[in-house]
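Biologist: Shall we go through this one together? I would like to ask how each label is earned.

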Amino acid sequence: EIGDLAGAFAHLHERQRLTQMDLSKSVGSLKKEIADREVIEKELRSSEEHLSATLRSIGDGVISCDTAGHILKMNAVAERLTGWTTIDAEHHPIEEVFKLTDPASKQGQESPVRNALAEGVITDPREGLKLTSKSGHEYEVSESCAPIYGEDGHVLGCVLVFRDITDEVRQRAALKESEERWTQAQKMESVGRLAGGVAHDF
């Protein structure tokens, strides 16, 4: 009996030793997994900070949307032109925040986000449309939108880029008006010289 008991204790001791080894291995694996996850999370935070810094430094308005056309992020320029903060605009449909109209017809215009998501292509830049901000202020803008693809080739969302061209449009209009006045003046001067020549002949 003593021999059997001693054998049982030895067997139990061996099982405890093996269990302790397995536990040590599990703890080691867990520590490695936690360390790897911390590295990944640090890289993600760094990537997000870099993206946020890039968005802040861009002079154009930038809005990113998910596959449903709902807003995810906006930079400061987009916030200023739309009158919405990122926090307020988040998860709202793009049409509620980025409101476009045709100046001539006063009709609302479809957001380029819908075309980019549906077709999976970069939309052609458009100019001459009016963006109405949350406060009712209007800007003439040029805009374009591009889909965002994942590594598997599927569309993950899109990014809308737009620019305030209000001053440019005014300057072009003023330049055109000046050129038309100059052309008219030249015509009048020519007519005057012609009339003077005819009078002299008579």
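Modeller: Happily, and surface comes first. The chain exposes about 14,300 Å², and carbon and sulfur atoms supply 56% of that area. The areas come from the Shrake-Rupley method with a 1.4 Å probe; for residues, only the protein chains shown count as cover. This is a predicted model, where local features need pLDDT of at least 70 and side-chain atom pairs count only at pLDDT 80 or more, while totals for chains, interfaces and linings use all residues. Residues are numbered from 1 along each chain as its sequence is written, and side-chain values use heavy atoms, with hydrogens and water left out.

Biologist: What makes Glu143 count as buried or exposed?

Modeller: Buried means under 20% relative accessible area, exposed over 50%, and partly exposed in between (1.4 Å probe, protein chains only). Glu143 has 2% relative accessibility, so Glu143 counts as buried. Arg126 has 27%, so Arg126 counts as partly exposed. Of the 202 residues of the chain, 24% count as buried.

Biologist: Why is the contact of Arg126 with Glu143 called a salt bridge?

Modeller: The term asks for a side-chain nitrogen of Lys or Arg within 4 Å of a carboxyl oxygen of Asp or Glu. Here the closest N and O atoms are 2.5 Å apart, and the pair qualifies. Arg126 lies in strand E5 and Glu143 in strand E6, 17 residues apart, and the pair links distant parts of the chain. Lys130 and Glu138 also meet the rule, at 3.4 Å from N to O. Another such pair is Arg163 with Glu168, at 2.5 Å. The count by this rule is 4 salt bridges.

Biologist: How do you know that E5 and E6 pair?

Modeller: Strands (E, at least two residues) and helices (H or I, at least four) are DSSP runs, numbered from the N terminus. Two strands pair if DSSP finds at least two bridges between them. Strand E5 (residues 126-132) and strand E6 (residues 138-149) are joined by 5 bridges, so by that definition they pair, and they run antiparallel. One facing couple is Leu131 and Tyr139 in E6. E6 and E7 have 9 bridges, again antiparallel.

Biologist: What makes E2 and E4 edge strands?

Modeller: The 7 strands form an open sheet in the order E2-E1-E7-E6-E5-E3-E4, with antiparallel pairing. Strand E2 (71-74) and strand E4 (108-109) each pair on one side only, and that earns them the label.
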